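Please open the model in your viewer and keep the sequence panel beside it, since this tour moves from one selection to the next. At each stop you will be told what to select and what to look for there.

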Amino acid sequence: MTIAVAKSIPSQRPLDLESLPVFTPDPAVLSDQLIVGLDSRDSRSRAFNLLRTTLAKRMKEKGHRLVGITSATPSAGKSFLSLNLAASLSRVSEDDVILVDLDLRRASIAEGVGMQVKRGVSEFLNGEVSELASIGSRVHDSQLVLFPTKAVSKNTAELISGPVFEKFISGLRQETGNSIILFDLPPAFANDDAMLILGQLDAYVMVIDSGKTNTKQVQDVLAMLDPVPCIGTVLNRYNGGFADNYGYGYGTSAYAKYYD
Ligand SMILES: Nc1ncnc2c1ncn2[C@@H]1O[C@H](COP(=O)(O)OP(=O)(O)OP(=O)(O)O)[C@@H](O)[C@H]1O
Ligand SMILES: [Mg+2]
C-alpha cells in the first residue's frame, strides 16, 4: 500500500490579536504629539468622541470595516486624526480597533506614540517578514492595536501593488474578526499610493484642512478616488461650529467637525 504524503507547507501563525506584544506609550510623548484620544478624562478627546460615534454608525450601516484616511493636500491632519480617532473608538468598541500606517514615506504613527519600529509594515511588504503577528503591537491596557511602519525612502508604488500587498490586506481582513481597521494614507494628490491602496479597502474619510483645502480640490479627490465610497469628511482646524460651542476647542481651534 502506498500512502501519499503531501509536501508540507510551512504553516503561518494566525494573527492572534490577544497575544501581540504590548507597547506602553510615554504620556509625555502622547501629550507632545497631541494624542489625547486614549484618555477619556482629557476634555480635548471629546471632539474625537463625536467623530467616532458618527463614523462607527456610518460604517455599520454600510458594512464598511477597512477605512482609509486621506486628504487632498499634505499636512491636513490625517495622522493626528487617525491616531486620535482610532484611540477614541477603541475605548468604546466591543472589538479591537486597528490602526495601520500606510503612509510609508512618513511613518507618522510610530512617531505619534514614540515607538521604535524594528519590523513593521514596510518589512512585511518587502518580504522580510511573512507574518502579520510579527509587525503588530497592542497599546498597553487598551483595545487599540497598531501596525506601524518604518519610513521608506524609495518608490513605494511597488510595495503597495502586487500579491504581497493583497496578502497583507486580505490577511488583515480575514484574521481580525469584526475589528474596525483604519489606515493612515498619504494625500490623494501626492502620488498614486492612496488610489492604489483604496482599491483594496472599503471606503475612505477625507480630511479637509479648514481654510487651506478648497472646494475644487475636494471635488477632484472625490472624482479621482471614485468608485471607492467617501464615508465622510472631517473639517480640521475649524474655528466655530458645534465643537467650539461645547467647549471642545484646542487652543484657539477646534479639532475637527464631521459632516456629510
Ligand atoms: N486640529 C489640530 N489642532 C492642533 N494641531 C493639529 C491639528 N491637526 C493637525 N495638527 C498638527 O499639525 C501637524 C500636521 O498634522 P498631521 O501630521 O496629522 O498631518 P498629515 O495630514 O498626516 O500630514 P502628511 O500629509 O505629512 O502625512 C501635526 O503636528 C499635528 O499634530
Ligand atoms: Mg500623515
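Begin by selecting arginine 65, which, leaving aside residues up to four places away in sequence, touches Met59, Ile180, Ile181 and Asp202; two residues are in contact here if their C-beta atoms, placed from the backbone, lie within 7 Å. Before going further, note that this is a predicted model, in which local features need pLDDT of at least 70 and side-chain atom pairs count only at pLDDT 80 or more, whereas totals for chains, interfaces and linings use all residues. Residues are numbered from 1 along each chain as its sequence is written, while chains are lettered from A and ligands numbered from 1 in the order in which they are written.

Stay with arginine 65 and add aspartate 202 to the selection: the two are 137 residues apart in sequence, yet their C-alpha atoms are 6.7 Å apart in space. Arginine 65 sits in the loop between α2 (46–62) and β2 (66–71), where helices (H or I, at least four residues) and strands (E, at least two) are DSSP runs numbered from the N terminus. Is arginine 65 buried or exposed? It counts as buried because it has 21 C-beta neighbours inside 10 Å; a residue is buried if 20 or more other C-beta atoms lie within 10 Å of its own, exposed if 12 or fewer, and partly exposed in between, with C-beta atoms placed from the backbone.

Next, select α2 together with α3 (78–90). Their axes come within 9 Å and cross at roughly 75°, the axes being lines fitted to C-alpha atoms, for helices over the stretch in contact, with angles running from 0 to 180 degrees between N-to-C directions. The two helices are therefore roughly perpendicular to each other, since angles under 35 degrees count as roughly parallel, over 145 as roughly antiparallel, 65 to 115 as roughly perpendicular and the rest as oblique. To see the contact itself, pick Phe48, Asn49, Leu51, Arg52 and Ala56 of α2 with Asn84, Leu85, Ser88 and Leu89 of α3. Looking at α3 alone, you will find that 13 of its 13 residues are buried.

Now show ligand 1 and the 18 residues around it, of which Pro74, Gly77, Lys78, Ser79 and Phe80 come nearest; a residue is near a molecule if its C-beta atom, placed from the backbone, lies within 6 Å of it. The elements that give two or more residues to this shell are α3 and β8 (230–238), and α3 has the largest share, with three residues.

Finally, visit three places where the backbone deserves attention. Most residues other than glycine have a negative phi, and most peptide bonds are trans. Serine 75, in the loop between β2 and α3, has a positive phi of about 60° although it is not a glycine, and it counts as partly exposed because it has 13 C-beta neighbours inside 10 Å. Alanine 107, in the loop between β3 (97–101) and α4 (108–113), also has a positive phi, of about 55°, but this residue is buried, with 22 other C-beta atoms within 10 Å. For the last selection, choose aspartate 226 and proline 227, which are joined by a cis peptide bond with omega of about 10°; proline 227 lies in the loop between α8 (215–225) and β8.
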